[in-house]
Amino acid sequence: MEEEKAVKSTVLALPAAAVCDLLSIGVCPRCIFRNFGVRGDVYSSCVLSIASLSSWLKPSVNPVELPKFEENTGSMKVKDSCHSIEEKISREETCIVCLGVLQMLCVDQNQELTTCKGKINNMFEAAVAILKTLQTEGHQFDSFCLEVSIPSVVLVRDRALWLYIKKKYGSENWFQDVMVTGCLSVKEALKLSLTKSLEDLLGRNSDMNSSFRIALFYKHMEASLELDFVHGSKENNLKRRKTGESIGIHNGNLAAIDAARTTANAGESFAAIQRTLNSMSEDDFAKKYECPPNKVHEPCQITSLCYRTSIYIGGRYLKYSRNVSQTCWMIDDERMGEASVEVRMLGSGRPFLVEVLNARVIPTNADISEMETKVNNSKDGIVKVRELKRVGNDAWNLMREGEAEKQKQYAAVVWISRTLTDEDFKRISEIKELEIEQKTPIRVLHRRSPLVRKRLIHWMKAESIKGSSQYFLLHLCTQAGTYIKEFVHGDLGRTYPNVGSLLGCVAEILQLDVTDVKMDCFD
């Protein structure tokens, strides 16, 4: 009862003749509220309808006496006979501005959200339908963020209606008040319409920073054809995106989000359309587009998605096998290891990051600790992990920055073509901050750009191997991105100076281990 009083009070505060006029040309109640700058919970009310507005306004205005309006049908302009508000109540027409988005008349392509005509009558029922989708997906969450993507043509229709209102009622006192208050966008109105009902049903608060998203993507291919006149504008240089079939998220397929968003915008950039409209004068716009906008025969199509943004888990890994690759790549459909397959990762381990897509449950600290224990207790013992923990969304940037700034320490078994001397050990150990130039190694030229890279060898230390006169253990610390194997043998002169040139002989590397990675990206 209080809800109905609040909505009625809002309606009666508006200029009755203008409201009835807008209803008669096919504008839905929520779009009327938007254009009068109405804000608040009234958008989510179940009693907000053409019928309720008509009954409350009857004492002030006789709807049947409202003026007729023109409808543009192709190249002809014909008079709409006498569609009174009562007739619109009996057969709810698609709003000429929001294209059914704020009426919940939209047809769901995935059959997940039942939003077909006659099946959902208010925003609460729409929220119930979304709840059913959530229950099917099995998500657990503490808060949610409602995302909305609407066709760009709604911007055009919004402006067309506003110019109609301005031309007809611009001299009215209430119009000046509306100019000061400002209108709400369809997106803002839809969020006001749905958010409260969703919060009540889900028992969770809406939070724009929440990692869990309820996304509604709308498209209207027929109406979007009206955007052709925007492409002809000299002030704009729009680029069409490639459009595709609208897809919903199923089984965590997050690639569907971008596909749905692209389709929802009918290949147009929403921001680009807005910029073009802003640069177009009112007179120029009115010459190219009907004000008010024409009727549409069908509402938007909707794709409903529920998903969680990526969760990141960081830590360090150790690799004890010389038969396991750090990463994988494919050649002729055959899985091949990186050249570092025989390099062990020892010491404190190398930082790594795992991205979890569309997680149904957010892992707790106990869950992550259990993951670490299971990996470390595996029978083969090839790989171990340490310091696993959840990290923030900036983890990728931290990793990239760390990659550029990190230092790595190695231990390599090296052979030279002559007998080692005490002078060799002394010379190697005295080298500090040695700058070398490395052309892209021959072994990776098939997948790396042919460049010359300057790198620093921060320090080296040579350790003798008992019982051997030509083998020694080389310890060294280098700048990130240094090719260690090539620094030892020279890569046919492509890396200079190198261990061989420094000792005046041929040098070859037999084994290589990473003993430390100085990179504090997750600390």
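**A walk through the predicted model**

At 13% relative accessibility, phenylalanine 141 counts as buried, a word used here for residues under 20% relative accessible area, while exposed means over 50% and partly exposed lies in between (1.4 Å probe, protein chains only). The structure is a predicted model, in which local features need pLDDT of at least 70 and side-chain atom pairs count only at pLDDT 80 or more, whereas totals for chains, interfaces and linings use all residues. Residues are numbered from 1 along each chain as its sequence is written, and side-chain values use heavy atoms, with hydrogens and water left out.

Phenylalanine 141 lies in the loop between helix 6 (123–137) and strand 4 (143–149); helices (H or I, at least four residues) and strands (E, at least two) are DSSP runs, numbered from the N terminus. Leaving aside residues up to four places away in sequence, phenylalanine 141 touches Leu134, Leu202, Arg204, Phe212 and Arg308, where contact means heavy atoms within 4.5 Å. One of these partners, leucine 202, is 61 residues away from phenylalanine 141 along the chain, and the C-alpha atoms of the two are separated by 9.7 Å.

Another partner, Phe212, leads to strand 6 (residues 212–219), where eight of the eight residues are buried, so this strand is largely enclosed by the rest of the structure. In a regular strand the side chains alternate between the two faces of the sheet. In strand 6 both faces are covered, with Phe212, Ile214, Leu216 and Tyr218 buried on one side and Arg213, Ala215, Phe217 and Lys219 buried on the other.

Strands of a sheet pair through backbone hydrogen bonds, either parallel or antiparallel, and two strands are said to pair here if DSSP finds at least two bridges between them. Strand 4 and strand 6 run parallel and are joined by five bridges, and in one of the pairings leucine 146 has isoleucine 214 of strand 6 as its bridge partner. Strand 6 also pairs with strand 7 (residues 301–308), in the antiparallel sense and over eight bridges, and here the bridge partner of tyrosine 218 is isoleucine 302 in strand 7. In the loop between helix 14 (282–288) and strand 7 we find proline 292, which is joined to cysteine 291 by a cis peptide bond with omega of about 5°.

Further along the chain is an open sheet of nine strands, in the order 12-8-11-18-13-16-15-14-17, with mixed pairing. Strand 12 (383–391) and strand 17 (495–496) stand at its edges, each with a single partner strand, so one side of each is left without a neighbour in the sheet. Helix 15 (residues 365–376) packs on this sheet and touches strand 8 (311–319) and strand 12, and its direction makes about 170° with that of strand 12; such angles run from 0 to 180 degrees between N-to-C directions, and axes are lines fitted to C-alpha atoms, for helices over the stretch in contact. Helix 17 (residues 422–430) packs on the sheet too, touching strand 13 (407–416), strand 14 (432–439), strand 15 and strand 16, with a direction at about 135° to that of strand 15. Strand 15 (residues 452–464) and strand 16 (residues 471–479) run antiparallel and are joined by seven bridges, and isoleucine 457 has threonine 478 in strand 16 as its bridge partner.

Some backbone details belong to the strands of this sheet. Glutamate 387, placed in strand 12, has a positive phi of about 60° although it is not a glycine, and at 38% relative accessibility this glutamate 387 counts as partly exposed. Glutamate 433, found in strand 14, likewise has a positive phi, near 45°, and counts as partly exposed at 46% relative accessibility. The peptide bond from tyrosine 496 to proline 497 is cis, with omega near -10°, and proline 497 has its place in the loop between strand 17 and helix 19 (499–503).

Helix 2 (residues 16–24) and helix 4 (residues 50–57) give an example of helix packing, for they meet at an angle of about 145° with their axes 11 Å apart. In this contact, Ala16, Val19, Cys20 and Leu23 in helix 2 meet Ile50, Leu53 and Leu57 in helix 4.

Taken as a whole, the protein chain has 19 helices and 18 strands, and 50% of its 523 residues count as buried.
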